[in-house]
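Let's take a walk through a structure together, one piece at a time. Have your viewer ready, and keep the sequence beside it.

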Amino acid sequence: TQDLIVHSEKLAVAGQFAAAIAHEIRNPLTAIKGFMQLLMRDMTTDKSRFFDVIFAEMNRIEMITNELLILAKPQLIKFTKKDVRFLMQQVVSFMDAQANMNNVLIQVDYGTGDLVASCDENQLKQVFINFIKNAIEAMPDGGIIKIQMRRSAGNVAEIRFIDQGVGIAEEELAKLGEPFFTTKESGTGLGLMVTKRIVQQHEGDVRFRSKLGEGTTVEMTLPIA
Ligand code: ADP
Ligand code: MG
């Protein structure tokens, strides 16, 4: 336990540090973006493609700083009793458009009976969104994401996200959730870190099973009330 406490204190300090840096980066970035936009208005077209690159890279910095800020936000988690299936329904209808654009179909099996958990609604939705986003991104040519929800023994909700994507190499499985571990050109490598922490706070668990070229199954559990 002593080790655990020291570890979590270190993480908390690192988080605050990250947030401070993220904040310092964000303000000048906003100014730069504003002036760039002004400059772009009287720019010849042959130069404007440079601006596209600059903007894409600035958006990337912005994305990373935003995720760092979320990560380090003082944890004001508010637990209320919610039917997790209902939260999933909302997330799926919200993600459907993005899935469609990428030729991905989301199929959900909500199971039978309710799955009421004591949870922070927004944080849990964030978890679902992150898993679905990763699944979509793992299928550049499209495919199907299957989501299965059920109640298993011992008052536990089991939620699976199954994709037919690129899969994860065995030696990379252990790195999932490490800050900045990403295999994507424009990834932040922070999504799973945030996700794992939220699931932990809900006393749940996340496991990955994957085969390169075949797909990935994310299985999360959540105690239910
Ligand atoms: P990001 O999505 O920004 O890369 P994440 O923390 O969400 O960051 O994910 C880290 C890495 O884990 C991804 O870059 C990818 O290599 C791997 N990964 C996560 N989910 C999946 C999935 N469903 N299929 C394949 N790889 C995945
Ligand atoms: Mg991600």
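How do the axes of helix H4 and helix H6 come together, and at what angle do they cross? Before the answer, one caveat: what you're looking at is a predicted model. Now for the pair itself. H4 covers residues 121-137 and H6 covers residues 191-201, and their axes come within 9 Å, crossing at roughly 140°. Angles over 145 degrees would count as roughly antiparallel, and those from 65 to 115 as roughly perpendicular; the crossing is roughly 140°, so H4 and H6 are oblique to each other. As for handedness, the crossing of H4 past H6 is left-handed.

Which residues make this contact? On the H4 side, pick out Gln-123, Gln-126, Val-127, Asn-130 and Asn-134. Facing them from H6 are Gly-191, Leu-192, Thr-195, Ile-198 and Val-199. Sorted by class, the contact has 6 polar residues, 4 nonpolar ones and no charged ones.

Two of those H6 names come up again when you turn to the ligand. Gly-191 and Leu-192 are among the closest residues to ligand 1, along with Ala-138, Thr-182 and Gly-187. In total, 21 residues surround ligand 1. Both helices take part here: H4 and H6 each supply at least two residues of the shell, and H4 gives the most, with 3 residues. Charge does appear in this shell, with 2 charged residues alongside 11 polar and 8 nonpolar.

Next, the strands. Strand E7, residues 215-223, is a good one to follow, as it has a partner in E5 and another in E6. With E5 (residues 156-162), E7 pairs in the antiparallel sense over 7 bridges. To find the register, look for Arg-160, whose bridge partner in E7 is Glu-219. With E6 (residues 205-211), the pairing is again antiparallel over 7 bridges, and here Asp-205 stands opposite Thr-221 in E7.

What joins E6 to E7? The two form a hairpin with 3 residues between them. Check the backbone in that turn and you'll find Gly-213 with a positive phi of about 80°.

Finally, zoom out. The protein chain holds 6 helices and 7 strands, arranged along the sequence as α-α-β-α-β-β-α-β-β-α-α-β-β. If you're setting up a box around the chain, its C-alpha atoms fill roughly 65 × 45 × 35 Å along the principal axes.

How values were computed: Residues numbered from 1 in each chain as written. Chains lettered and ligands numbered in written order. Predicted model: local features only at pLDDT ≥ 70, side-chain atom pairs only at ≥ 80, totals over all residues. Axes fitted to C-alpha atoms, helices over the stretch in contact; angles between N-to-C directions. Helix = DSSP H or I, 4+ residues; strand = E, 2+ residues; numbered from the N terminus. Parallel < 35°, antiparallel > 145°, perpendicular 65-115°, else oblique. Left-handed = near helix turned anticlockwise from the far one by under 90°. Contact = placed C-beta atoms within 7 Å. Nonpolar A, V, L, I, M, F, W, Y, C, P; charged D, E, K, R; others polar. Near = placed C-beta within 6 Å. Pairing = 2+ DSSP bridges.
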